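Me: I am a first-year student and I would like a close look at one part of this protein. Please start from a single residue, and then explain how the strand that holds it fits into the rest of the chain.

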Amino acid sequence: MINTGDKLICTKGNAFFVEGEFYTVGNIVNEKFFEIKISDDDYWYATNDSEGIYVRFNSLKGRMSHAWFAKTESKAYA
């Protein structure tokens, strides 16, 4: 279960998220979607489902570039 304030580590990055960096969970939208804070006022919507924790990026050219995350055990990071 994901909660506001939880810390996530990026396990597979892309152009927007850096592998190995920590990110903070923002508001919970519903059981499946929540915000990941990337700067003071900027958030991306993430998914937590049977596939894992990820942000899905779809380009106009049909390319997909997901960023994947794992929940850390502590809120003391980043």
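Reply: A suitable residue to begin with is T47, which touches K32, F33, F34, G52, I53 and Y54, leaving aside residues up to four places away in sequence. The model is a predicted one, and the description below should be read in that light.

T47 lies in strand β4. Is T47 buried or exposed? T47 counts as buried because its relative accessibility is 8%, and the limit for a buried residue is under 20%. Strand β4 spans residues 42–49, and Y45 is also placed in it. Y45, however, has a relative accessible area of 54% and is therefore exposed, since exposed means over 50%. Strand β4 thus holds the buried T47 and the exposed Y45.

Y45 also takes part in a feature of the surface. Together with V29 and F33, Y45 makes a nonpolar surface patch of about 300 Å². F33 provides a link back to the starting point, for F33 is among the residues that T47 touches.

The next step is to see which strand lies beside β4. Strands β3 and β4 pair in the antiparallel sense, over six bridges. In general, strands of a sheet pair through backbone hydrogen bonds, in either a parallel or an antiparallel manner. Within this pair, I36 stands opposite W44 in β4. The connection between the two strands is a hairpin, which joins β3 to β4 through two residues.

Strand β3 covers residues 33–39 and is also joined to strand β2, residues 22–28, by three bridges, with the two strands running antiparallel. Two positions show this pairing residue by residue: T24 stands opposite K37 in β3, and V25 stands opposite I36 in β3. I36 is therefore a useful landmark, being opposite V25 on the β2 side and opposite W44 on the β4 side. A hairpin of four residues leads from β2 to β3.

Continuing in this direction, one reaches β1. Strand β1, residues 7–12, runs antiparallel to β2, and three bridges join them. Here L8 stands opposite Y23 in β2. Strand β1 has a further partner, strand β6, residues 67–71, with which it pairs in the antiparallel sense over four bridges. In that pairing, C10 stands opposite F69 in β6.

What do these pairings form when they are taken together? They belong to a closed barrel of six strands, which runs β1-β2-β3-β4-β5-β6 with antiparallel pairing. From one strand to the next, the twist averages 45 degrees. Strand β4, where T47 is found, is one of the strands of this barrel.

Two salt bridges may be added to the picture, as that is the count for the model. Side chains of opposite charge can pair when their charged atoms come close. K71 forms one of these bridges with D6, and the closest N and O atoms are 3.3 Å apart. This pair links distant parts of the chain, for K71 is in strand β6 and D6 is in the segment before β1, 65 residues apart. The two partners are covered to differing degrees: D6 is buried, as its relative accessible area is 5%, whereas K71 is partly exposed at 36% relative accessibility.

The other salt bridge is made by the side chains of R56 and E51, at 3.7 Å from N to O. R56 counts as partly exposed, with a relative accessibility of 40%. E51 is likewise partly exposed, at 48%.

Finally, the whole chain gives the setting for these details. The protein chain has zero helices and six strands, and its elements run β-β-β-β-β-β from the N terminus on. Of its 78 residues, 29% are buried, and T47 counts as buried too. The accessible surface comes to about 5,200 Å², and carbon and sulfur atoms account for 50% of that area. Among contacts between residues at least 6 apart in sequence, 36% join residues at least 24 apart.

To return to the starting point, T47 is a buried residue of strand β4, and strand β4 pairs with β3 within the closed barrel of six strands.

Definitions and conventions
Residues numbered from 1 in each chain as written. Predicted model: local features only at pLDDT ≥ 70, side-chain atom pairs only at ≥ 80, totals over all residues. Heavy atoms only, no water. Patch = residues over 30% accessible without salt bridge, like charges linked within 9 Å, V, L, I, M, F, W, Y side chains within 5 Å. Areas by Shrake-Rupley, 256 points an atom, 1.4 Å probe, with all protein chains shown as cover. Salt bridge = Lys/Arg side-chain N within 4 Å of Asp/Glu carboxyl O. Buried < 20%, exposed > 50% of the residue type's maximum accessible area, 1.4 Å probe, protein only. Contact = heavy atoms within 4.5 Å. Pairing = 2+ DSSP bridges. Axes fitted to C-alpha atoms, helices over the stretch in contact; angles between N-to-C directions.
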